[in-house]
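This report describes the structure shown below, beginning with one helix and proceeding to the overall fold, the empty spaces and a single loop residue.

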Amino acid sequence: MRTRMVAGNWKMNKNLQEGVALATELKEAVKNPNCAVVIGTPFIHLATVAELLKGSAIKVAAENCADHEKGAYTGEVSAEMVKSTGAEYVILGHSERRQYYAESYEMLAEKTRLALANGLKVIFCIGEVKEEREAGKQNEVVKAQLEGSVFGLSAEEWKNITLAYEPVWAIGTGLTATPAQAQEIHAYIRGLVAEKYGKAAADDTTILYGGSCNEKNAAELFACPDIDGGLIGGAALVAEKFLAIIAAR
Ligand code: PEP
């Protein structure tokens with residue numbers, strides 16, 4: 001049985017004190033969740049929040065890591081540094097990083113390789129923009145993203161990959177993919193994983209949906225057979241909403 005998961009992505013929101021307050025609230029409320037629960041926080045929160053959540057049901061993720069191992073890269077944070085904070089995951093390939101920071105397939109392949117080599121699990125995001133969806137190109141887009149960055153991984157490495165399908169037109173827009181649209185492409189993605197790593201590995205791969213998933217639509221999305229949970233942006237910033245999404249999984 002593959003892992004079901006609800007993961008939050010705080011993005012560049014909440015100062016340290018606000019982040020600690022939210023993590024504390026979540027820790028108190030999440031005792032025996034039905035699924036894995038992960039929160040992705042800014043780098044500066046990681047060590048404090050990981051320490052706070054030690055021994056709890058909630059794991060911590062970074063939202064990025066460097067594409068270099070170490071050295072003269074001012075302002076960058078390496079995978080090894082992320083791991084040293086107590087974080088267990090890193091979110092890579094988010095559309096905001098692809099779009100605003102020009103993260104290429106090659107760069108993301110290197111980030112993924114370094115994250116895995118340093119013992120982190122990777123939540124790898126893929127998804128098409130609006131024009132690509134309108135042109136019916138969503139399948140070829142996600143296939144190219146997978147082939148360009150993560151299908152070079154070994155079968156052993158693949159075990160530490162969680163995928164997040166996030167249609168860019170649905171992120172932060174209030175537009176959600178319908179359960180039918182999401183299910184269709186999740187099944188397609190699982191099929192690609194099966195072709196590459198075999199059916200058993202595909203059956204074990206967790207594929208999250210992300211894009212305006214909230215406490216109102218989560219249950220319907222999560223009821224789809226190939227949607228194993230959610231990667232949540234805006235609704236992860238409010239404890240009540242994030243908890244309701246966890247409860248829906
Ligand atoms: C995200 O950024 O990963 C995301 C899904 O954001 P939102 O839930 O706000 O659409």
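The buried residues of helix α5 are Leu-108, Lys-111, Thr-112, Leu-114, Ala-115 and Leu-116. The model in which they are found is a predicted one. Helix α5 covers residues 105-117, 13 residues in total, and its span from the first C-alpha to the last is 18 Å, close to the 18 Å expected at 1.5 Å a residue. After α5 comes Gly-119, with a positive phi near 80°.

**Overall fold**

The protein contains 12 helices and 8 strands. Its radius of gyration is 17 Å, close to the 18 Å that the globule rule gives for 249 residues, so the protein is as compact as a globular protein of that length. Along the principal axes, the C-alpha atoms fill a box of roughly 45 × 45 × 35 Å. Of the 249 residues, 50% count as buried.

**Pockets and cavity**

Rolling a probe the size of a water molecule over the atoms shows where empty space is left. The table lists the volume of each space and the classes of its lining residues.

| Space | Volume | Lining by class |
|---|---|---|
| Largest pocket | about 640 Å³ | 10 nonpolar, 5 polar, 8 charged residues |
| Second largest pocket | about 300 Å³ | 7 nonpolar, 5 polar, 4 charged residues |
| Largest cavity | about 40 Å³ | 4 nonpolar, 4 polar, 2 charged residues |

The largest pocket is lined by 23 residues, and those nearest its centre are Phe-43, Glu-63, Asn-64, Arg-97 and Tyr-101. Two elements, α4 and α5, give two or more residues to this lining. Helix α4 gives the most, with 3 residues. Helix α5, described above for its buried residues, is thus also named in connection with the largest pocket.

The second largest pocket has a lining of 16 residues; Trp-158, Lys-159, Asn-160, Ile-161 and Asp-204 lie nearest its centre. The elements that contribute two or more residues to the lining of this pocket are α8 (155-158), β6 (161-165) and α10 (199-204).

How many cavities of 30 Å³ or more are there? The count comes to 1. The largest cavity is lined by Gly-93, Ser-95, Arg-98, Cys-125, Ile-126, Gly-127, Gln-145, Glu-166, Val-168 and Ile-171. Two or more of the lining residues come from each of α4 (95-100) and β5 (121-126). Helix α4 therefore appears in the description of the cavity as well as in that of the largest pocket.

**Ser-56**

Where does Ser-56 lie? The residue is placed in the loop between α2 (46-52) and β3 (58-62). Is Ser-56 buried or exposed? Its relative accessibility is 18%, and the cut-off for a buried residue is under 20%, so Ser-56 counts as buried. The side chain of Ser-56 reaches the backbone nitrogen of Ile-58 at 3.1 Å. In sequence, Ser-56 is 28 residues from Glu-28, while in space the two are 9.1 Å apart, C-alpha to C-alpha.

Key. Residues are numbered from 1 along each chain as its sequence is written. This is a predicted model: local features need pLDDT of at least 70, side-chain atom pairs count only at pLDDT 80 or more; totals for chains, interfaces and linings use all residues. Side-chain values use heavy atoms; hydrogens and water are left out. Helices (H or I, at least four residues) and strands (E, at least two) are DSSP runs, numbered from the N terminus. Buried means under 20% relative accessible area, exposed over 50%, partly exposed in between (1.4 Å probe, protein chains only). A polar contact is a pair of N or O atoms within 3.5 Å; within protein, one must be able to donate a hydrogen and the other to accept it, and residues adjacent in sequence count only if both atoms are side-chain atoms. On a 1 Å grid over the protein atoms alone, a cavity is a set of points where a 1.4 Å probe fits but cannot get out, and a pocket is an open set with protein on both sides within 12 Å along at least five of seven lines; lining residues have an atom within 4 Å of a point. Grid points are joined across faces, edges and corners, and a volume is the space filled by probe spheres set on the points. Ala, Val, Leu, Ile, Met, Phe, Trp, Tyr, Cys and Pro count as nonpolar, Asp, Glu, Lys and Arg as charged, and the others, Gly among them, as polar. The expected span of a helix is 1.5 Å times one less than its number of residues. The radius of gyration is taken over C-alpha atoms; the globule rule is 2.2 Å times the number of residues to the power 0.38.
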